[in-house]
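Open the model in your viewer and keep the sequence panel visible. This tour goes from one selection to the next and says what is there.

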Amino acid sequence: MFPAGAPLALLLALFVAAPPCAGEALAASRQSVATVYDKQQPVTEKEVLAFVELLPRFRQWARDNKEEAHPVRRKGRPDFLYSPEAAAWVKKEGWDPRRFFCVMGRMAAAVTILAEGNDMPTRPGDMPAVSSGELELARVHMGSLLKAGGNGAALEH
């Protein structure tokens, strides 16, 4: 279904259509050492369902506004890059921005792990840890996650 060795960024492209501009300037401008994953509870089924409902609209907004949101590695730890404008849009839609991007990153990681197999010898530095429960949620809702992310067929062989 997915090509072997597909990087997290490629699979995350299912979730966010990042414009081709460099995101490192935004990453460098964020001053916080905390990551979106710090002190976050495991993703729940209710959150996955709400996430897949909002994701297509977020992707459209991101494309229309030339925004990017994607995993990054910050000070050796997985994190998620997003602008203050993206945070404001997500908040307007009823989500805490850190939680929304935590869910996005963990579900992208879970989809990658399921595609590559749990025995991935090395994981990308921008890939957050996911629980067995989050893997199961991604497995159960794989079709919805891929559909919400669009372009799912582009990775199928």
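Begin by selecting Ala-87. With a relative accessibility of 15%, Ala-87 counts as buried, because the cut-off for buried is under 20%. The model is a predicted one, so keep in mind that every value on this tour is computed from predicted coordinates.

**Around Ala-87**

Ala-87 sits in helix 4. Show its contacts, leaving out residues up to four places away in sequence: Ala-87 touches Tyr-82 and Pro-97. Now add Phe-101 to the selection. Ala-87 and Phe-101 are separated by 14 residues in sequence, and their C-alpha atoms are 9.0 Å apart in space.

**The whole chain**

Zoom out and colour by secondary structure. How many helices and strands does the protein chain have? There are 7 helices and 2 strands. Going along the sequence, the order is α-α-α-β-β-α-α-α-α. The protein chain has 157 residues, and 50% of them count as buried. Take the contacts between residues at least 6 apart in sequence: 77% of these join residues at least 24 apart.

**Helix 3 against helix 4**

Select residues 45–64, which are helix 3, and residues 84–92, which are helix 4. Two packed helices are described by the angle between their axes and the distance between those axes. Here the axes come within 11 Å and cross at roughly 145 degrees. The crossing of helix 3 past helix 4 is right-handed.

Next, show the side chains where the two helices meet. On the helix 3 side, pick Leu-54, Arg-57, Phe-58 and Trp-61; on the helix 4 side, they meet Glu-85, Ala-86, Trp-89 and Val-90. Sorted by class, this contact has 6 nonpolar residues, 2 charged residues and no polar ones.

**The aromatic rings**

Keep Phe-58, Trp-61 and Trp-89 on display, since the next selection includes them. Add Phe-51, Phe-80, Tyr-82, Trp-95, Phe-100 and Phe-101; ring pairs link these nine residues into a cluster. Counting rings whose centres lie within 6.5 Å as pairs, the total is 10 aromatic pairs.

One of them is Trp-95 with Phe-100. A pair of aromatic rings is described by the distance between the centres and the angle between the planes. For Trp-95 and Phe-100, the centres are 5.3 Å apart and the planes are at 80 degrees, which makes the pair edge-to-face. Are these two residues buried or exposed? Trp-95 is buried, at a relative accessible area of 12%, and Phe-100 is buried as well, at 0%.

**Helix 5**

Phe-100 leads to the next stop. Select residues 97–116, which make up helix 5. This helix has 20 residues and reaches 28 Å from its first C-alpha to its last, close to the 28 Å expected at 1.5 Å a residue. Turn on the surface of the remaining chain. Of the 20 residues in helix 5, 16 are buried, so the helix is largely enclosed by the rest of the structure. Right after helix 5 comes Gly-117, with a positive phi near 100 degrees.

**The loop between helix 2 and helix 3**

Helix 2 covers residues 24–29, and Thr-35 is in the loop that runs from it to helix 3. Thr-35 counts as buried, at 3% relative accessibility. Leaving out residues up to four places away in sequence, Thr-35 touches Arg-77, Pro-78, Asp-79 and Arg-98.

Pro-42 is in the loop between helix 2 and helix 3 too. Its relative accessible area is 43%, and it counts as partly exposed. With residues up to four places away left out again, Pro-42 touches Glu-47, Arg-99, Arg-106, Ser-131 and Glu-134. Look at Ser-131 in particular: Pro-42 and Ser-131 are 89 residues apart in sequence, yet 7.0 Å apart from C-alpha to C-alpha.

**Two lysines with positive phi**

Most residues other than glycine have a negative phi. Select Lys-39, whose phi is positive, near 60 degrees. Lys-39 lies in the loop between helix 2 and helix 3, and it is exposed, with a relative accessible area of 85%.

End at Lys-66, in the loop between helix 3 and strand 1, residues 70–74. The phi of Lys-66 is positive, near 50 degrees. Lys-66 is exposed, at a relative accessible area of 66%.

Key
Residues numbered from 1 in each chain as written. Predicted model: local features only at pLDDT ≥ 70, side-chain atom pairs only at ≥ 80, totals over all residues. Heavy atoms only, no water. Helix = DSSP H or I, 4+ residues; strand = E, 2+ residues; numbered from the N terminus. Expected span 1.5 Å × (residues − 1). Buried < 20%, exposed > 50% of the residue type's maximum accessible area, 1.4 Å probe, protein only. Axes fitted to C-alpha atoms, helices over the stretch in contact; angles between N-to-C directions. Left-handed = near helix turned anticlockwise from the far one by under 90°. Contact = heavy atoms within 4.5 Å. Nonpolar A, V, L, I, M, F, W, Y, C, P; charged D, E, K, R; others polar. Phe/Tyr/Trp six-rings, centres within 6.5 Å; stacked < 30°, edge-to-face > 60°.
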